[in-house]
Amino acid sequence: MAKGTQGTSSSIEMNHVFCFTIALMLTLQAQSAHPQITLVDQHKTSYVIHHAMDAPETAKLAALELQQTIQKSTGVLLTIASEPMTTPAIRVVSDGKLPHDGFEIRSAGSDIVIAGNDELISARPDTWFLPSHGTLFGAMEFLERYVGVRWLFPGELGEDVPHHETLRVAITEPIRGAPAFAARQLAGVGESDPGASLRRKTAIEWMKRQRLTNALHPFLTGYGHSWDDYLKPADMEAHPEWKSSNGEAVRKGKVVFFCTTAPGLVELFAKRVIETMDRNPTREMSSISPTDGGGFCLCERCSKLVTTDPHGKKNHAVAILTFYKQVAEIIERERPGRRLGGFVYYNYQYPPPEAPKLPDNLSLCWAPLNYYGYGLLKPLYRAEFEVVMKRWCEITPHFYYHNYSTWMRSYHGAPLPVSIDILKRELPAAARNKAWGARMIGTNAWGANAPINYLVAKQLWNAQLDVSATLDEWLQRAYGPGWKHMRQMYDELDARMLAHKEAQSPIYNGGQYEANEPVIKAIYAPLFASMEHHYRQTLAQCTKDTQRQRLAMLGDNLIQLYHALRKASLIADDGKSIFHRDDTAFATFLKEMESTMSLHSDGQGLDHGPIWKDQYGGP
Ligand SMILES: [Zn+2]
């Protein structure tokens, strides 16, 4: 470089030009590979939403969801079209090559493509013939990811839809999604309220947006207690030798228990199952689960099928599995392709050391009673949990997980702990063990428990979800800038419940999934002042009416809880609490609450009497 400075100077200039060119090329390249699409520009759009003329209902529903939510966000109504056209479009495309319920969001020139598997009867064995709704779930992903929408809880107040004057979408690479479980159910959130209640309608809408199977197919699975559906009192009279050794065959006009090894019984039972199937040709699954209560036969034959569970209790699993196997083999022969469901629960919740080989038309639903009501916080159960689950997965080809794990019967407005610990543990384990489906229990007291319902619903789709970060996001979206106080409240509830469960007997009893006196004394009475502090702090920082209204829904529960604590003399009644109401004001409050979604509501109304001692026995 003899020419020294000049050369250097010129080189610098050249380098500038060169760098600029390279940068421009890279930018252009980036733009052509993944352009930023301007869907709405200052309240205007050239886009339509397009689906094929003969698109399945799912794709049409997806288009409608996109249209409505984009309008809420931008004020712009995109037309839904099905004629061939060259206008830029969000194209909703059904594609059976994608995974069950799966989708792909990609850009194609100036178009956005939301492709999904919409096959109503999938031939893929891993899905076990569940209808698929990929484009709908792809639309939900698009709205959450690119429009920033969150459906925090049912109804308009639960919708957090950011406002966009201009909506730009940058799809840097195709976004693919598919669920952790083929069958995803969340129950107890108001979806089965009688009639056409607002709670029911909005709960089902919300469930659909959370991609839950039972929003669209409420009867897809069948595991309920059903022995009395098939055998009738007259059958037991005709066959006195079928009676269970405990002598109880019929209760209130219904068959409860019988000897599962009695000659001839299985054949008649299976015949009745077949008749029921024939009467209900569209029923997706028929349950053959025993009556609740576990009063099984201990005759000489049945006793040979009884083992001992890991906690020293009688285990009837071999007897029940043998019964399931015999019935299922007859159904497999007589009605091939029809599905059966059976519980493994109560005194048959633990897998036996040697299990009979089960036919492929039977799905076992593990309902581990021991782990109900935060039981999974007990060290003994925590340690055994995945080992037991894994073993059940080896026994049944279609394992279905069902738990009331982050649930308690809570009728006094006590907000339930989220239990990050349990959430991190259970559905991820079910997904690792390739469960076919799961049914989790939420609550319809949305004002207090919306975060649990939300987290469990999200985990049913994505078992790897970061539950702690998602809880933070939910609280922030719902309650605004003071949300960290609410997180502190939930963390305090979690810590108290953990300590309470660790101190409880390691062996289960029926009172352990109740927000009863011991739980109220251990958790809610000592925490109430702190809960109120967090509530006031959050309220003081709210910047929007929607945040205040959502917080007030939690407040409604705290009014109810305060009342229950006051009546039980478990709280200092100094009149300083913002949740204090005298008896007259409380009665008026309850009346006003009747048509809201805040408090626990069932056929027994909102007031369930004083805090109960052990198991709930009604108001
Ligand atoms: Zn017997």
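Okay, a definition to start: two strands count as paired if DSSP finds at least two bridges between them. I begin there because β18, residues 362-367, and β19, residues 400-403, are joined by 2 bridges, so the pair just meets that cut-off. The two strands run parallel, and one of the partnerships is C365 with Y400 in β19. Keep Y400 in mind, we'll come back to it.

Before that, the usual caveat: this is a predicted model. The mean pLDDT of the chain is 92, with 94% of residues at 70 or more. The stretch to leave alone is residues 1-32, where pLDDT is below 50 and where the model has 1 contact beyond near neighbours in sequence. Where pLDDT is low, the predicted coordinates should not be read in detail.

Now the overall picture. We've got 619 residues, and 44% of them count as buried. There are 18 helices and 20 strands, and the C-alpha atoms fill a box of roughly 110 × 70 × 55 Å along the principal axes. If you take contacts with a separation of 6 or more, 71% of them are between residues 24 or more positions apart.

Back to β18 and β19. Which sheet do they sit in? They belong to an open sheet of 6 strands, in the order β11-β20-β19-β18-β17-β14, with parallel pairing. At the edges you find β11, 183-187, and β14, 285-287; each has a single partner strand, so one side of each is left without a neighbour in the sheet. From one strand to the next, the twist averages 20 degrees. And there's a helix on this sheet: α13, residues 446-461, lies across β11 and β20, at about 170 degrees to β11.

So, Y400. The largest nonpolar core has 134 residues, and Y400 and L460 are the ones with the most contacts inside it. What does Y400 touch, if we skip its neighbours within four places in sequence? The list is A183, T221, Y223, S363, L364, C365, A435, W436, G437 and A438. Apart from that core lies another, of 30 residues, including A62, V92, F137 and Y146.

Two of those names, F137 and Y146, take us to helix α3, and both are among its buried residues. α3 covers residues 134-147, and its 14 residues reach 19 Å from the first C-alpha to the last, close to the 20 Å expected. Is α3 mostly covered or mostly open? Mostly covered, with 12 of its 14 residues buried. Among those are also L136, M140, E141 and L143. Just after the helix, G148 takes a positive phi of about 85 degrees.

Last stop is β6, residues 111-116, which is also mostly covered: 5 of its 6 residues are buried. Strands of a sheet pair through backbone hydrogen bonds, either parallel or antiparallel, and β6 is a nice place to look at both. With β4, residues 89-94, the pairing is parallel over 5 bridges, and V93 stands opposite A115. With β5, residues 103-108, there are 6 bridges and the strands run antiparallel; here I105 stands opposite I114. How many residues sit between β5 and β6 in their hairpin? Just 2, and in that turn G109 has a positive phi of about 60 degrees.

That's what I had, happy to take questions.

Technical notes
Residues numbered from 1 in each chain as written. Predicted model: local features only at pLDDT ≥ 70, side-chain atom pairs only at ≥ 80, totals over all residues. Helix = DSSP H or I, 4+ residues; strand = E, 2+ residues; numbered from the N terminus. Expected span 1.5 Å × (residues − 1). Buried ≥ 20, exposed ≤ 12 C-beta atoms within 10 Å, placed from the backbone. Contact = placed C-beta atoms within 7 Å. pLDDT = per-residue confidence, 0-100. Axes fitted to C-alpha atoms, helices over the stretch in contact; angles between N-to-C directions. Core = buried A, V, L, I, M, F, W, Y, C linked by C-beta atoms within 7 Å.
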